[in-house]
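Please look through the structure below with the sequence beside it, and follow the paragraphs that come after it one region at a time.

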Amino acid sequence: MKILFIGDVVGEIGCKALAATLPSVKQEYGAQLVIVNGENSAQGNGIDARSAAAIFDAGADVVTTGNHSFQRNSINEEYERLDTLLRPANFGEYLPGKGVCELDFGSFGVTVINLIGTVFMQPSDNPFKCAEELLSRINSRIIIVDFHAEATSEKRAMGHFLSGKVSAVFGTHTHVQTADEQIMDGTGYITDVGMTGPIDSILGVKKDIIVEKFLTYSPRRHAVAEGDCEVCGVCAEIDHKSGKCVKIERFRKIYKSA
């Protein structure tokens, strides 16, 4: 089967870019499953009920998140209500929602796992031990992991740790698409799939705000940039009998903002 994984959606404009682009991308690759990271999809940051609905309406089957999972209170009820809206599994059991979902494709199942890194990030349970424990309970041949992490070394370590054990490990969070897509012992891997958001920005945020923060160290409220957007992601082809990745291809589409 072919699976599309699309990187961090940023703000309302990112949601619009996704809605305008995803149908044609899905058709181009013949994808049967679409997974989208939506942790920055609310205007400002975080994810809320409105932006989650926009991503699902655009054609996503599963929405993953990350360090901004609980930035907006309105999302808590959605985590409990929707099995396909995930937050990192290694956040523990005290927060709403869960970090794993299983999808039924008739003759086979697909499990999606959402994990978050710990290097330069907020404290969380060990993602490697969490992954190991989850895999001991999962029966699906096809297993897709969204590893939301800052450090390249931690992401690559997770890729090697899970190589041969899962179908794919897709890195998110840093918003810049990397050029290291590869297959490790049957496991598709990329350090970061990139973002879905404004090109003329700094990681989706208005560039003058971020530049001033670096110049003055003064706190500034983030505001999503405007203009043309990039829609970044990967298409992974998985052998549904073995669960192994046989092909991985990154893509970057441009959405022209009106």
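C101 counts as buried, because its relative accessibility is 4% and the cut-off for being buried is under 20%. What you see here is a predicted model, and every value in this text has been computed from it. C101 takes part in no disulfide, and the nearest cysteine sulfur, which belongs to C130, is 14 Å away. A disulfide is a covalent bond between the sulfur atoms of two cysteines. For a pair to be counted here, the two sulfur atoms have to lie within 2.5 Å, and by this rule the count for the structure comes to 0 disulfides. C15 is likewise in no disulfide, with the sulfur of C229 as the nearest cysteine sulfur at 10 Å. C15 counts as buried too, since its relative accessibility is 10%.

C15 also leads us to a pair of helices, because it is one of the residues through which helix α1 touches helix α2. Helix α1 covers residues 11-29 and helix α2 covers residues 49-58, and their axes come within 9 Å and cross at roughly 10°. Angles under 35 degrees count as roughly parallel, and the two helices are therefore roughly parallel to each other. On the side of α1 the contact is made by E12, C15, L18, A19, L22 and P23, while on the side of α2 it is made by R50, S51, A54, I55 and A58. Sorted by character, the residues of this contact divide into 8 nonpolar, 1 polar and 2 charged.

From here we can turn to I75, which has its place in helix α3, residues 75-81. Is I75 buried or exposed? With a relative accessibility of 0%, I75 counts as buried. If we leave aside its neighbours within four places in sequence, I75 is in contact with I47, D48, A49, A52, S69 and L85. The C-alpha atoms of I75 and R156, which are 81 residues apart along the chain, are separated by 30 Å.

Further along the chain, F91 lies in the loop between α3 and β5, the latter covering residues 100-104. F91 has a relative accessible area of 15% and is therefore buried. Not counting residues up to four places away in sequence, F91 touches G66, N67, S69, F70, I116, Q122 and S124. The C-alpha atoms of F91 and N126 are separated by 9.3 Å, although the two residues are 35 places apart along the chain.

F91 also brings us to the aromatic rings, since F70, Y79 and F91 form one aromatic cluster. How many aromatic pairs does the structure hold? There are 7 of them, and two can be followed in detail. In one of these pairs, the rings of F105 and F108 are stacked, with 5.5 Å from centre to centre and 5° between the planes. F105 counts as partly exposed at 29% relative accessibility, whereas F108, at 13%, counts as buried. In another pair, the rings of F128 and F161 have their centres 5.4 Å apart and their planes at 70°, so this pair is edge-to-face. The pair links distant parts of the chain, for F128 belongs to helix α4 (residues 127-135) and F161 to helix α5 (residues 152-162), and these positions lie 33 residues apart in the numbering. F161 is partly exposed, with a relative accessible area of 25%.

Two residues next draw attention through their backbone angles. F120, in the loop between β6 (109-116) and α4, has a phi near 60°, which is a positive value in a residue other than glycine. At 71% relative accessibility, F120 counts as exposed. L203 is found in the loop between β11 (195-198) and α6 (207-216), and L203 has a positive phi of about 60° although it is not a glycine. L203 counts as partly exposed, its relative accessibility being 42%.

The last stop is G227, which lies in the loop between α6 and β12, residues 229-238. G227 is partly exposed, with a relative accessible area of 27%. When residues up to four places away in sequence are not counted, G227 touches I13 and S257. G227 and L18 are 209 residues apart in sequence and 14 Å apart in space, taken from C-alpha to C-alpha. With L18 we return to helix α1, where L18 is one of the residues in the contact with α2.

Technical notes:
Residues are numbered from 1 along each chain as its sequence is written. This is a predicted model: local features need pLDDT of at least 70, side-chain atom pairs count only at pLDDT 80 or more; totals for chains, interfaces and linings use all residues. Side-chain values use heavy atoms; hydrogens and water are left out. Axes are lines fitted to C-alpha atoms, for helices over the stretch in contact, and angles run from 0 to 180 degrees between N-to-C directions. Helices (H or I, at least four residues) and strands (E, at least two) are DSSP runs, numbered from the N terminus. Angles under 35 degrees count as roughly parallel, over 145 as roughly antiparallel, 65 to 115 as roughly perpendicular and the rest as oblique. Contact means heavy atoms within 4.5 Å. Ala, Val, Leu, Ile, Met, Phe, Trp, Tyr, Cys and Pro count as nonpolar, Asp, Glu, Lys and Arg as charged, and the others, Gly among them, as polar. Buried means under 20% relative accessible area, exposed over 50%, partly exposed in between (1.4 Å probe, protein chains only). Rings of Phe, Tyr and Trp (its six-membered ring) pair if their centres lie within 6.5 Å; planes under 30 degrees apart count as stacked, over 60 as edge-to-face and the rest as tilted.
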